[in-house]
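Please open the model in your viewer and keep the selection panel at hand. The tour below goes from one selection to the next and says what is found at each stop.

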Number of protein chains: 2
Amino acid sequence: MKKGVVNPWEVKGDVDYRKLMEEFGISPLKELPDVFNKEILFRRKIVFAHRDIQKILEAAKNKKKFVVMTGLMPTGKFHIGHMTVIKQLVFWQSIGAKLYIAVADLEAYNTRGQSLEEGRKIAIEEYVSNYLALGLKEKNCEIYFQSQRSKDAKKANAFYRLQNLLARYVTFNEFKAVYGEITPGKMLSSLLQGSDMLHPQLPEFEGTCPVLVPVGIDQDPHLRLARDISKRIKNPKFTQLSSTYNIFAPGLKGGKMSASDPLSYVSPTDSEKEVENKIKKYAFSGGQATIAEHRKKGGNPDIDVSFQYLKMFFEPDDEKLQQIYSAYKSGELLTSELKEILIEKITNFLKKHQQEKQKAKKQVDKFILK
Amino acid sequence: MKKGVVNPWEVKGDVDYRKLMEEFGISPLKELPDVFNKEILFRRKIVFAHRDIQKILEAAKNKKKFVVMTGLMPTGKFHIGHMTVIKQLVFWQSIGAKLYIAVADLEAYNTRGQSLEEGRKIAIEEYVSNYLALGLKEKNCEIYFQSQRSKDAKKANAFYRLQNLLARYVTFNEFKAVYGEITPGKMLSSLLQGSDMLHPQLPEFEGTCPVLVPVGIDQDPHLRLARDISKRIKNPKFTQLSSTYNIFAPGLKGGKMSASDPLSYVSPTDSEKEVENKIKKYAFSGGQATIAEHRKKGGNPDIDVSFQYLKMFFEPDDEKLQQIYSAYKSGELLTSELKEILIEKITNFLKKHQQEKQKAKKQVDKFILK
C-alpha cells in the first residue's frame, strides 16, 4: 500500500473539516459506547465530530431524560442526503432519546416565499412519510410546524414567548455575522430556530435537560448563535446545547447534493428505472478513462460517489465494504461493476422503502400534531 | 372678545397637531352621531382627529361587528393621563364594540428589561383594576398578555404565527424610520404590536371586520407602519385599520405627564391629601403673579393645567365649564379658587373611584385570560 493511502472510514471531502473543528472548538468523535457501532453513520465516522456530547451519553447511560432536536425545511424533494440525519434520529430514539422535529414552514415562508399550505403538503408527503418509512417511531417523537406549535395552549404560548424573549439577548451584528445580509424575515426565522432548539427545556415541555442537535458542519454558525444566546439567559437556565456533525453525502455528479437539482441526488421516491439511469449516467466515478488503464492503475474509491453511497447508506457489512474498496483500488473491480453493486443495493432498499412508505402514509395524520 | 380668542373646545398644546394631520392624511373629527356627545372626550374634541373612522361608524350604526383595540405598557403607575383612552374604550364598548386590550409585557421585557412577573403584577394592580373601576365591562372585552395570548391553542398559534408572517412584508429601513435606532428586541416588539392590531381580523378571532385603534398622535408612526404592512398582505385580506387621535392631558407642572415622575400627574390611587397638595403646590397656572394683576388682566385658562383637567375629565357640565372659563379669563376667578374647584371635583371622583376599585379587584382574576 502506498504511503498516504487511507482507509474507507477517514473523513474526506472539499470542506476543510479539521480547520473548522479547531476554529470552533468542535472535537473529533471517538470512544463512543459499543451500542453506537450498530449504526454505520457512527461506526464509519460519517458522524465525525461533536460538541458537549458527554452529557448526552451520560443521560443515555443513566436512563435520564434527553432530547434530540432537528428541523426540516419543507421545500423540494426528500433525497438520500437527508438520510444522514434521519438515521441518526432513529438511532437516538432507539437508545432512549425524546425527539423534537420542527417543520420550518415559517422559515420557508419568510426566506423563500413559500406558502404555509404548500409547506404542510411537502412536509407530510415528502418528509414525514419517508422518516416513518426509515424507522422513526411515533413514541417519544414530537413533529410540529413552526406555524402551529401545539394543540396545547400552554405549550404554544411558551414556545412563541421564548422566541420573543430571545430577542433581548442578541445583537444585529451577531445576526449579520451568521447570515450576512439580514432581513426582518431572516431575523424572525433565526429567533424561531433559537426557540426550536431551546424550548424543549422549558417547564411546559421537558424541563431542563441535555439537548442534542445533529447537524451538517455548515449549520454550526446557527448552533453557536443559539449557544451564545442561551448562556446569557438566567431564567430559565438552559443546559447548554450539544451537537454532532456529519459529513455531507456527495451529490451524484460530485459536488453538493441539491434538492432543486434532481440529477444531483437519488431519492427514495425515484423509480428503479430512474435510479439505474441516474447512477449509470451521472454518478461521478473514481475510475480510469479506459478499462485497460483502470486494470493497471486502479480506481479511487475515496472520490467515487457510488462507493460513498455504499459506505454511507447501502452496504452495512464492513467486510464486504472493505473488499469492494480494495478491489476497486486495485483495479480488479471496474466502475461499471461498482455501479451495478450500488444499483442492486438501492433497488432492494427502494422496494422495501416504498412498501414501508405506503404503510407510513396511514400513520402520518395521527403523528402530526397529535 | 379679542380676535384670536378661542373657545374651550379648541385643540391646543405644544404639538403642532394641524401640521401632523396634514402631513399624514389624518382628518379633523366632525359630524359624529349624536350618541358621541355623551362622552366629553368627543364633545370637547379631546379626541380631535381620525383616519378611516367612517367604516367604524357604519358598523356601529348597522350593528355589525367591529373591534376597538389598544395596548397598555405595564410599567409605572396608572394616572389620569391614561384615562383619555380608557374612557374612549368604555364609550366604544357601550355602543357595541368588541374590545381587545394587549398588555405589552413582552415589549416591556425587550425594550425596558422588565420581567414578565413584574409586568403581570403591575398590569393587574395598576391598570386593569383601574380600567374596571372606570367602567370597563367584562362582556365583549378581551384583555391578554403578549406573552400568553390565549388559553385556546388555535388562537395562541394564530396570533404568534401572524407576528412571524408580518416580517416578510416590512424592511429594516421602515423600522428605522419609525424607531430610529433599532434592536432585535425593538423589532420583535414592533411586529408583535403589528399582530396586536391585525390579529382581531384572523379567522380564529373575529374574522375580517373594521378595527379602530385610539391613540395619542405620537403613536401614529406605529399605526402607519401597521397599515403599510397590512395592505401588502393578500391572504388573509385585512380591512384597513382605523384610528382616532386624542390630545395629551398636560403634566401637572405643564409639559408631559410621565409615569416615572409622580409630581407630573394625579393618579386615582393618590390619597386625597396627596392630590390636594400636588394641585396646590405644582399645578401649572395660567393666572397672573399677583391678585391685583389677575383681577386686572385676567387669567389664561387655555394654558392653565387645572382648567384643562376640569375640561378633559372632571367637569361634565358644559355650561359650568364655560362659566369657569369666562370667570377665570376675566379675572373674577382666582387661581387658588380654580384649584379649589378642581380639588373638590377630584376628591369626589377619587372617593367613588376607590370604592369601585375595591369591587373591581375581585373581578380582575376572572377577567384576565378567562
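Which residue of chain A comes closest to the rotation axis? Select A153(A) in this predicted model, since the tour starts there: its C-alpha lies at 1.9 Å from the axis, and of the residues of chain A this one comes closest.

Now show both chains and superpose them: chain A can be laid on chain B with an RMSD of 0.0 Å by a turn of 180 degrees, with a shift of 0.0 Å along the axis. That is the relation of a two-fold axis. The same surface serves both copies, in that 96% of the contact residues of chain A recur in chain B.

Next, select the contact residues themselves, of which 26 belong to chain A and 25 to chain B. On the side of chain A that touches chain B, the elements giving two or more residues are helix 5 (105–112), helix 7 (153–166) and helix 9 (184–198) of chain A. Helix 7 of chain A provides the largest share of that side, with 7 residues. If you colour this side of chain A by class, you will find 13 nonpolar, 8 polar and 5 charged residues.

Then turn to the sheet of chain A, where 7 strands form an open sheet in the order 1-2-7-6-3-4-5 with mixed pairing. At its edges are strand 1 (27–28) and strand 5 (141–145) of chain A, each of which pairs on one side only. To finish, select strand 3 (residues 67–72) and strand 6 (residues 211–216) of chain A, which pair in the parallel sense over 2 bridges; here V68(A) has L212(A), in strand 6 of chain A, as its bridge partner.

Key:
Residues are numbered from 1 along each chain as its sequence is written. Chains are lettered from A and ligands numbered from 1 in the order in which they are written. This is a predicted model: local features need pLDDT of at least 70, side-chain atom pairs count only at pLDDT 80 or more; totals for chains, interfaces and linings use all residues. Two residues are in contact if their C-beta atoms, placed from the backbone, lie within 7 Å. Helices (H or I, at least four residues) and strands (E, at least two) are DSSP runs, numbered from the N terminus. Ala, Val, Leu, Ile, Met, Phe, Trp, Tyr, Cys and Pro count as nonpolar, Asp, Glu, Lys and Arg as charged, and the others, Gly among them, as polar. Copies are superposed by least squares on the C-alpha atoms of residues with pLDDT of at least 70 in both. Two strands pair if DSSP finds at least two bridges between them.
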